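Reader: I'm new to this structure and would like a close look at one part of it. Could you walk me through the largest pocket, and then through whatever you find around its edges?

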Amino acid sequence: MNTYTESRHRIESIDILRGLVMLIMAMDHTREFFHHDALIGNDPTNFKTTWPLLFFTRWITHLCAPVFVFLSGTSIFLYSKKGRSKKQVAFFLMTRGLFLIFAEITLINLVLQFDYGSFLILEVIWVIGLSMIVLAALQYLPFTILLITGIVIVFGHNLLDGISVEKPFAASLAWSVLHKLQLFKITPHFSLLVAYPLLPWLSLMIVGYCTGKLYSREVNKKYRKKFLLLGGITVIALFIIIRFINVYGDANVWSSQRTPLFTFLDFIKTTKYPPSLLFMLMTIGPALIILSLAENARSSVTKFLTVYGKVPFFYFVLHLLIIHSLTLAFSFVSGNGTGSFQGSSNKSAEIGYPLWVVYLVWLCVISALYYPCKWYGRYKASHPEKKWLSYL
């Protein structure tokens, strides 16, 4: 989604934040494909098998999906303020949403698995698309009502955690799409995983959409920067308070661990699938602060980040393709010969690589993506007449 101000220049703070979380996202996907703990099924947040660096390598990536969805909402608001009618915005959201769902089911699953037809995962691209379709209708609500709706869902959706719908299948699937992570064995040879249910992610998109009003022409930049900074601090404070009370907002309560450090890790270990209230507060609070600090930031670092932030869908597909292709290359070089670590016939062979290799591969991947992303960003900017580019 394009992010433009009234002068049709991009809002760089949004591109900076989006670029940052996209680079972090590549770190997590590299870990999933290369790290030996990931390949044998160890959860990096499981205190029985993890250590602090591995925990934080996974934890920092929690920023990615919430910020990605939140900024999608912000970009939609900005898109709607370019002299377009509600009907025009609704048409774009409907068609873009359907395109993203189709892309998730086909292209994303293909590059993620290099296999198609046996296992379908519905993740972040799917839920952004579905949320866009719903927002196509919700945008007709008065702004205040829409904002209240988003906030109520953010703070109240965990009240639904205890509801379980097992039968009939259609009702169970509908409930999973709405609010519950669930794996469905459709046939002996085909499974469906609903990893990103609609309701909590839609609420983040709604709040992001309403936040887009801060970037309207009539809003003073100093006021916006101050509002975002204080808003981020407030959200983090709410996270600390609600998490400390330890009663509501996350299915996993925290407790004292074997060391103070691990007690702190347990405190910030919140639920992503589906995202709990505390997970959202923990991730969106820092994001608002970064948006504030990035408002007037101009440096080689921010310029570097905006290259990625301008082309999110292009980057998303390409980084998965490169990481997965590197996995195959590494597996053949290691003598596996099957194209995957898990497929090794040598039961004594260690699969995967240590964490330092993960970081090295990650740096190589994001470096390799810099010039393709820069080229595509320039191509999009120089061809505004090609409307189909706004879908990618």
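Author: A quick word on names before we go in: the helices and strands here are DSSP runs, with at least four residues for a helix and at least two for a strand, and they are numbered from the N terminus. Also keep in mind that this is a predicted model.

Now to the pocket. The largest pocket holds about 1,400 Å³ of space. Its lining takes in 48 residues, and those closest to the centre are Asp28, Arg31, Glu32, Glu123 and Tyr273. Sorted by class, the lining comes out as 24 nonpolar, 15 polar and nine charged residues.

Which elements supply at least two residues each of that lining? They are α1 (12-34), α2 (36-39), α4 (64-80), α5 (86-113), β1 (119-122) and α14 (312-333). Helix α1 gives the most, with eight residues.

Let's pick up Tyr273 again, since that residue is among the closest to the pocket's centre. The peptide bond from Tyr273 to Pro274 is cis, with omega near -10 degrees. Pro274 itself sits in the loop between α11 (260-267) and α12 (277-293). There's another cis bond to look at, from Lys167 to Pro168, where omega is near -5 degrees. Pro168 belongs to the loop between α7 (143-156) and α8 (169-178). These are worth a glance because most peptide bonds are trans.

Next, go to α14, one of the lining helices. His324 has its place in this helix. Is His324 buried or exposed? Its relative accessible area is 7%, and buried means under 20%, so His324 counts as buried. Setting aside neighbours within four places in sequence, His324 touches Phe33, Val111, Leu112, Gln113 and Phe114.

Phe114, one of those contacts of His324, deserves its own stop. You'll find Phe114 in the loop between α5 and β1. Its phi is near 55 degrees, a positive value in a residue other than glycine. With a relative accessible area of 34%, Phe114 is partly exposed. Asn246 also has a positive phi without being glycine, near 65 degrees. Asn246 is in the loop between α10 (221-245) and α11, and at 24% relative accessibility Asn246 is partly exposed. Why look at phi here? Most residues other than glycine have a negative phi.

Back towards α4, try Ile60, which lies in the loop between α3 (52-59) and α4. Ile60 is partly exposed, at 28% relative accessible area. Leaving out neighbours within four places in sequence, Ile60 is in contact with Ile24 and Met27. Ile60 and Met27 are 33 residues apart along the chain, and their C-alpha atoms are separated by 9.6 Å.

One last stop is a pair of helices. Helix α13 (residues 300-309) packs against helix α15 (residues 355-382) at an angle of about 70 degrees, with the axes 9 Å apart. That angle makes α13 roughly perpendicular to α15. On the α13 side, Phe304, Val307 and Tyr308 do the meeting, and on the α15 side their partners are Ile366, Ser367, Leu369, Tyr370, Cys373 and Lys374. By class, this contact has seven nonpolar, one polar and one charged residues.

Technical notes. Residues are numbered from 1 along each chain as its sequence is written. This is a predicted model: local features need pLDDT of at least 70, side-chain atom pairs count only at pLDDT 80 or more; totals for chains, interfaces and linings use all residues. Side-chain values use heavy atoms; hydrogens and water are left out. On a 1 Å grid over the protein atoms alone, a cavity is a set of points where a 1.4 Å probe fits but cannot get out, and a pocket is an open set with protein on both sides within 12 Å along at least five of seven lines; lining residues have an atom within 4 Å of a point. Grid points are joined across faces, edges and corners, and a volume is the space filled by probe spheres set on the points. Ala, Val, Leu, Ile, Met, Phe, Trp, Tyr, Cys and Pro count as nonpolar, Asp, Glu, Lys and Arg as charged, and the others, Gly among them, as polar. Axes are lines fitted to C-alpha atoms, for helices over the stretch in contact, and angles run from 0 to 180 degrees between N-to-C directions. Angles under 35 degrees count as roughly parallel, over 145 as roughly antiparallel, 65 to 115 as roughly perpendicular and the rest as oblique. Contact means heavy atoms within 4.5 Å. Buried means under 20% relative accessible area, exposed over 50%, partly exposed in between (1.4 Å probe, protein chains only).
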